[in-house]
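Work through these exercises with the model open. Each task is followed by a solution in steps.

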Amino acid sequence: VHQGFVELKVGSSNFSFRLGRQEMRLGAGRLYDFGKGPNIRRTFDLGKITFAQKETTIQAFYGKTVQPNFGVFDNEFNLFRANTQNQKVWGVYTQFQLLPNQGEADNTEVYYLGLESGRATYNDVSGNEMRHTIGIRRYGRASAKFTYNTELVYQFGDIAGNTISAFNFETDWQYSLIDKRGRPTFGLKLDYSSGDRQVADGQVNSFNPMFVDPAIYSLAVVNTPVNLLSIHPAFTIFPTKKMMLEIEYVFFFRASLNDGLYS
């Protein structure tokens, strides 16, 4: 079963509880996305509690990843099974507006995400991974012409006795000349995902994007945001009301020359 869950809403529907097999996308999809890969999308066996009221949403969840087997309809529900190799996931994700009267001028997301995996492999270490992720995202429209989306993530924990210290910084800024013919828009995306600084130093600096869409940069899935610095200048124009033309070029660099590339 790709998705199958039971959902219970309490009271005026501000609270809801969902248990079963389900997809999950959080925020801009930097860490949790649907994973539009070949044949089947990524799913989780989990329980999730959601509180939603006006501009505020709080989600808390615990579960395990689903590892697709070769056959048909043979992926057993494993949330309550103790002896499984599936990754464990848990976390709290909040979305709110600091200044609700400003409309979309100040949207904020603050979150904590946990991950436990017994099959982690990075530059110079392999083994059980216990990783904690904290992050903040700010996005919206600063003015009629300028929109922004900025996210900062820090990770800590342990991999086979090695300390984790990694981070990611991502931004997407766009400036539109809305008073000009064709509404030309200039965009700039920056993405920095840390890499391991030194081999065999007892510390792992490789960022873990966890469940990001594997096609985040291209359908070829050549690389993923681990040990990666990318710069994306872009230009967009609307020749007609029903047509958009976008040109984007991407530069990729390794964040650390002491770490490899990951896909």
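**Exercise 1.** What volume does the largest pocket have?

*Solution.* Start with the ground rules. This is a predicted model, where local features need pLDDT of at least 70, side-chain atom pairs count only at pLDDT 80 or more, and totals for chains, interfaces and linings use all residues. Residues are numbered from 1 along each chain as its sequence is written, and side-chain values use heavy atoms, with hydrogens and water left out.

Next, the term. On a 1 Å grid over the protein atoms alone, a pocket is an open set of points with protein on both sides within 12 Å along at least five of seven lines. Grid points are joined across faces, edges and corners, and a volume is the space filled by probe spheres set on the points. The result for the largest pocket is about 880 Å³.

**Exercise 2.** Describe the lining of the largest pocket.

*Solution.* Lining residues have an atom within 4 Å of a point. There are 31 of them here. Nearest the centre lie Arg-42, Gln-87, Met-210, Phe-211 and Val-212. Now sort by element: strand β6 (residues 107-121) gives the largest share, 5 residues. Strands are DSSP runs of E, at least two residues, numbered from the N terminus. Then sort by type: 16 are nonpolar, 11 polar and 4 charged. Asp, Glu, Lys and Arg count as charged; Ala, Val, Leu, Ile, Met, Phe, Trp, Tyr, Cys and Pro as nonpolar; the others, Gly among them, as polar.

**Exercise 3.** Repeat this for the second largest pocket.

*Solution.* Its volume is about 420 Å³. The lining has 22 residues, with Arg-30, Glu-170, Lys-189, Ile-216 and Tyr-217 nearest the centre. Two or more lining residues come from each of β9 (162-176) and β10 (185-193). By type, the lining splits into 8 nonpolar, 4 polar and 10 charged.

**Exercise 4.** How many cavities of 30 Å³ or more does the structure hold?

*Solution.* In a cavity, a 1.4 Å probe fits but cannot get out. The count is 1. The largest cavity has a volume of about 50 Å³. Its lining includes Leu-26, Arg-30, Tyr-93, Tyr-111 and Glu-151. The lining residues divide into 7 nonpolar, 2 polar and 2 charged.

**Exercise 5.** Which way do β4 and β5 run, and how many bridges join them?

*Solution.* Two strands pair if DSSP finds at least two bridges between them. β4 (residues 56-65) and β5 (residues 88-97) run antiparallel, joined by 8 bridges. Gly-63 stands opposite Val-89 in β5. Now step on to β6. β5 pairs with β6 over 10 bridges, also antiparallel. Phe-96 has Thr-108 in β6 as its bridge partner.

Terms used
Helix = DSSP H or I, 4+ residues; strand = E, 2+ residues; numbered from the N terminus.
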